[in-house]
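Welcome, and please take a moment to look over the structure shown here. We will then walk through it together, one region after another.

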Amino acid sequence: IDASPVAIICVAPDRRGMVWSRAAEQIFGYTAEETVGHLYELVPLEGIAEFDALFERALAGETLRDIHVERRRKDGSLVDVSFAGAPMYDRNGITRGVAYALEDVTERKKVKEKLRQLAYYDQLTGLPNRTSFYDELAEVLKVSRGSPVHSTAIVLLDLDGFKHVNDALGHSYGDGLLKDVA
């Protein structure tokens, strides 16, 4: 368990810690001594109802996979995690807790958002780009097609002579003008 790069946490039915791996220490900042045999708070207030429901589902025998949530570190900061959870049974088949495997996906989520930003927004103005426009237009047309209530109009703006601004005053001035117009 301690050799795993994925955090392994096991929780008893009374929600006290049973197992707390080294990776869990690195992600959340709590030591095994602080969690094993104790109650600890990883779930932000707004996530408690969801956690309770997931915990009860796992205790009832369901295996949970690919759940994405925010959890709270010891220092109070939030971390995005992806986890799987499954019930743990004793030799008699009685549920004795829930085992979780958690992975910090904060950086992966940031990279994914950055890639989405690059794919759908102009880097200079921050406005949606052509790809974003076509995606949004397709959605709007799908809703308005055949509907007497929804109609669609497209407005096209053009900056006449913009090339001359860049040629005469430079690209940095042209970039500033585009930002102001945006």
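Let us begin with a small group of charged residues: Arg-15, Asp-52 and Glu-56 are joined in a network of salt bridges. As you look at it, keep in mind that this is a predicted model. Side chains of opposite charge can pair when their charged atoms come close. Across the whole structure, a search turns up 13 salt bridges.

One of them joins the side chains of Asp-14 and Arg-16, with 3.5 Å from N to O. How open to the surroundings are these two residues? Asp-14 has a relative accessible area of 45%, so this residue is partly exposed. Arg-16, with a relative accessible area of 35%, is partly exposed too.

Now find Arg-73 and Asp-104, whose side chains also meet in a salt bridge, again at 3.5 Å from N to O. This pair links distant parts of the chain, as the two residues are 31 residues apart. Arg-73 sits in the loop between strand E3 (64–72) and strand E4 (78–89), while Asp-104 belongs to strand E5 (residues 95–104). Arg-73 has 23% relative accessibility and therefore counts as partly exposed. Asp-104, at 32% relative accessibility, counts as partly exposed as well.

Asp-104 has a further partner to show you. The side chain of Thr-106 makes a polar contact with the side chain of Asp-104 at 2.8 Å. Thr-106 lies in helix H4 (residues 106–120). Is Thr-106 buried or exposed? Its relative accessibility is 17%, and because buried means under 20%, Thr-106 counts as buried. Leaving aside residues up to four places away in sequence, Thr-106 touches Val-79 and Asp-80.

The strands just mentioned bring us to the sheet. In what order do its strands lie? This open sheet has 5 strands, arranged as E2-E1-E5-E4-E3 with antiparallel pairing. At the edges are strand E2 (17–20) and E3, each of which pairs on one side only. From one strand to the next, the twist averages 30°. Strands of a sheet pair through backbone hydrogen bonds, either parallel or antiparallel. For a closer look, follow E3 and E4, which pair in the antiparallel sense over 7 bridges. Here Arg-72 has Leu-78, in E4, as its bridge partner.

A helix accompanies these strands. Helix H3 (residues 48–59) lies across strand E1 (7–11), E3, E4 and E5, and runs at about 125° to E5.

Next, turn to the aromatic rings. The count comes to 7 aromatic pairs. In one of these, Phe-83 and Tyr-100 meet edge-to-face, with 5.5 Å centre to centre and 80° between the planes. This pair, too, links distant parts of the chain: Phe-83 is in strand E4 and Tyr-100 in strand E5, 17 residues apart. Phe-83 has a relative accessible area of 5%, so this residue is buried. Tyr-100, at 8% relative accessibility, counts as buried too.

Compare that with Phe-133 and Tyr-134. Their ring centres are 5.5 Å apart and their planes lie at 55°, so this pair is tilted. Phe-133 has 37% relative accessibility and therefore counts as partly exposed. Elsewhere, ring pairs link Trp-20, Phe-28, Tyr-30 and Tyr-40 into a cluster.

Our last stop is helix H6 (residues 162–169), where both Lys-163 and Asp-167 lie. They are 4 residues apart, about one turn of the helix. What do their side chains do? The side chains of Lys-163 and Asp-167 meet in a salt bridge, at 2.8 Å from N to O. Lys-163 is exposed, with a relative accessible area of 57%. Asp-167, at 52% relative accessibility, also counts as exposed, because the cut-off for that word is over 50%. Finally, look from Lys-163 to Gly-174, which is 11 residues apart from Lys-163 along the chain: their C-alpha atoms are separated by 8.5 Å.

Definitions and conventions
Residues are numbered from 1 along each chain as its sequence is written. This is a predicted model: local features need pLDDT of at least 70, side-chain atom pairs count only at pLDDT 80 or more; totals for chains, interfaces and linings use all residues. Side-chain values use heavy atoms; hydrogens and water are left out. A salt bridge is a side-chain nitrogen of Lys or Arg within 4 Å of a carboxyl oxygen of Asp or Glu. Buried means under 20% relative accessible area, exposed over 50%, partly exposed in between (1.4 Å probe, protein chains only). Rings of Phe, Tyr and Trp (its six-membered ring) pair if their centres lie within 6.5 Å; planes under 30 degrees apart count as stacked, over 60 as edge-to-face and the rest as tilted. Two strands pair if DSSP finds at least two bridges between them. Axes are lines fitted to C-alpha atoms, for helices over the stretch in contact, and angles run from 0 to 180 degrees between N-to-C directions. Contact means heavy atoms within 4.5 Å. A polar contact is a pair of N or O atoms within 3.5 Å; within protein, one must be able to donate a hydrogen and the other to accept it, and residues adjacent in sequence count only if both atoms are side-chain atoms.
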